[in-house]
Amino acid sequence: MITEWYIPITILPGVGMLIFSTTGQMMNLSAEINGLLSDKCSPFQHKISDLKIAQLTRLTRSAALLYTCAACFVLSGIFGAFQTISFLAGLPNVILLIGVVLLLVALCLLIVYGYKAIGIRKMQHEHNHSL
């Protein structure tokens with residue numbers, strides 16, 4: 001199976017939007033963690049900070065996977081444009097497949113992030129009622 005060279009390139013804007021969104025979430029979460037840790041915090045705030053730092057780790061890993069995925073798509077497109085060179089024949093497809101797998105792993109991390117974020121907010125909401 002030979003992939004047209006432009007197919008991986010057409011996916012890049014979508015990956016770029018995911019990177020942009022993930023980076024924005026990372027910045028907001030980092031600011032939120034900074035606000036929690038700016039003063040001496042209670043044991044509950046410390047627990048929430050730990051959970052949010054774990055969330056920031058998930059977002060950072062997801063962003064790294066998305067960057068690598070984008071690089072794979074670009075390389076796949078570039079190598080696909082030079083398919084006439086015999087030793088590059090199957091390489092574009094392999095790199096494209098690696099990029100797709102990385103994209104799926106990054107999306108799974110983002111889904112886990114979303115579910116965990118809801119759980120953290122729920123804990124904060126329940127704690128506010130007990131004050």
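**Notebook: alanine 63, threonine 22 and the H1–H2 packing**

I looked up alanine 63 and found a relative accessible area of 4%, so the residue is buried, the cut-off being under 20%. I note that the model is a predicted one.

I then located alanine 63 in helix H2. Setting aside residues up to four places away in sequence, I found that alanine 63 touches Thr22 and Met26. I also checked the C-alpha to C-alpha separation from serine 21: the two residues are 42 residues apart in sequence and 9.5 Å apart in space.

I turned next to threonine 22, which I placed in helix H1. Its relative accessibility is 1%, and threonine 22 therefore counts as buried. I traced its side chain to the backbone oxygen of leucine 18, reached at 2.8 Å. Apart from neighbours within four places in sequence, I listed Leu59, Ala63, Leu66 and Leu110 as the contacts of threonine 22.

I then examined the two helices themselves. Two packed helices are described by the angle between their axes and the distance between the axes. For H1 (residues 6-37) and H2 (residues 43-81), I recorded an angle of about 160° and axes 9 Å apart. The angle makes H1 roughly antiparallel to H2, because angles over 145 degrees are classed in that way. I entered the crossing of H1 and H2 as left-handed. For the residues of the contact of H1 with H2, I noted a division into 23 nonpolar, nine polar and two charged.

How values were computed. Residues numbered from 1 in each chain as written. Predicted model: local features only at pLDDT ≥ 70, side-chain atom pairs only at ≥ 80, totals over all residues. Heavy atoms only, no water. Axes fitted to C-alpha atoms, helices over the stretch in contact; angles between N-to-C directions. Helix = DSSP H or I, 4+ residues; strand = E, 2+ residues; numbered from the N terminus. Parallel < 35°, antiparallel > 145°, perpendicular 65-115°, else oblique. Left-handed = near helix turned anticlockwise from the far one by under 90°. Nonpolar A, V, L, I, M, F, W, Y, C, P; charged D, E, K, R; others polar. Buried < 20%, exposed > 50% of the residue type's maximum accessible area, 1.4 Å probe, protein only. Polar contact = N/O pair within 3.5 Å; in protein donor to acceptor, adjacent residues only side chain to side chain. Contact = heavy atoms within 4.5 Å.
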